Amino acid sequence: MNHEIPKDHPRYLSLTVREAIISGMHQKVVAEAGLIAHGRGEAFDYILGEVTPEFALKQEEFAVLKMLAAKKPVISVNGNVAAMCPEEIVALGKLLRAPLEINLFYRSQEREQAIKTKLIGAGAEKILGLDPEFQETIDEISHLRRIVDTRGIAISDCVFVPLEDGDRTQALRHLGKNVVTVDLNPLSRTSLTANVSITNNIIRAVPEMIDFAKKLSNLSKAELTERLNQFNNESLLQDALIFMSERLKSLAETDKLTI
Ligand code: PTJ
């Protein structure tokens, strides 16, 4: 059941996204655990102030450069991403020339089909990950996410895995692939293991990545390499932690607590 959220509600955007996750769960797009993952993300976003800080814009530019510099970039889509920003993830894939591959932690055919329908409805033309003829297994991954597409993740040199659960980033890195992620928790194993970690809400990060992709897609290989050398993932994650701790500290020190 959809709940009508009044437009003048102070938390309209947050409640609208929450509603997308809940109705996504009823449509089988989102796993039940996706609700828990979302709540964890919301808590970190509160600490960020629910806006994109300067360091996150740098992480997003870094991520787009990494994807543009790749020979075979691919975007791995899970239930939460498909529920929150289907049109945007499809648009980003087109700009980066990166196919979308459905790859789920809580894998079921019913969910795969529901997510495919959602992405096709959002303008996707081709979806990888579902055709048994093109499936291969990555032995390093112990759960069902090990099944990947031979036209996508299996041969990709750079995988964008937003809202990842942990092990897979490590396994993909062991296979020599670059990994780009979006995760509001700067201390998650995924954030700490990826080559590029974006500490931002995916609902802001992907539209901002689209803007960067439009600006940067004409750079030459040499220009991409030169710009990539200016970024350091670890120091940007440190910036994220400093930003979060300083924001909490300054809130704690104000005379009157407000949000
Ligand atoms: O659709 P499936 O079956 O592949 O399952 C997807 C989930 C997300 C349920 C699965 O991958 C999972 O359990 O992930 P985790 O381990 O809960 O990790 C998700 C991470 O995403 C957490 O670190 C959250 O803080 C973060 N997160 C949640 N919502 C957002 C977010 N990061 C950015 N933007 C968000 N909106």
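Phe160 stands opposite Val180 in β7, within a pairing of strand β6 (residues 158-160) and strand β7 (residues 178-182) that runs in the parallel sense over three bridges. The model is predicted, and the two topics taken up here are the sheet to which these strands belong and the surroundings of the ligand. The space that the ligand takes is the largest pocket, and 23 residues surround the ligand there.

**The sheet**

- Six strands make up an open sheet with parallel pairing, and their order across the sheet is β3-β2-β1-β6-β7-β8.
- β3 (127-128) and β8 (196-198) are the edge strands, and because each has a single partner strand, one side of each is left without a neighbour in the sheet.
- In the strand order, β6 stands between β1 and β7, while β7 stands between β6 and β8.

**Contacts to the ligand**

- Among the residues that surround the ligand, the closest are Arg40, Phe105, Tyr106, Arg111 and Asp183.
- Arg40 makes its approach through the side chain, where an N or O atom is 2.4 Å from an oxygen atom of the ligand.
- Phe105 is placed by its backbone instead, with an N or O atom of that backbone 2.8 Å from an oxygen atom of the ligand.
- For Tyr106, too, the atom concerned is a backbone N or O, and it lies 2.8 Å from an oxygen atom of the ligand.
- Taken on its own, the ligand has 740 Å² of accessible area, and the protein covers 94% of this.

**Make-up of the shell**

- Helices α2 (32-48) and α4 (79-84) each supply at least two residues of the shell around the ligand.
- The largest share of that shell comes from α2, which provides five residues.
- Sorted by class, the shell around the ligand consists of ten nonpolar, seven polar and six charged residues.

Technical notes. Residues numbered from 1 in each chain as written. Predicted model: local features only at pLDDT ≥ 70, side-chain atom pairs only at ≥ 80, totals over all residues. Heavy atoms only, no water. Near = heavy atom within 4 Å. Polar contact = N/O pair within 3.5 Å; in protein donor to acceptor, adjacent residues only side chain to side chain. Areas by Shrake-Rupley, 256 points an atom, 1.4 Å probe, with all protein chains shown as cover. 1 Å grid on protein atoms, 1.4 Å probe; cavity = no way out; pocket = protein on both sides within 12 Å on 5 of 7 lines; lining within 4 Å. Sits in = over half its atoms within 2 Å of the grid points. Helix = DSSP H or I, 4+ residues; strand = E, 2+ residues; numbered from the N terminus. Nonpolar A, V, L, I, M, F, W, Y, C, P; charged D, E, K, R; others polar. Pairing = 2+ DSSP bridges.
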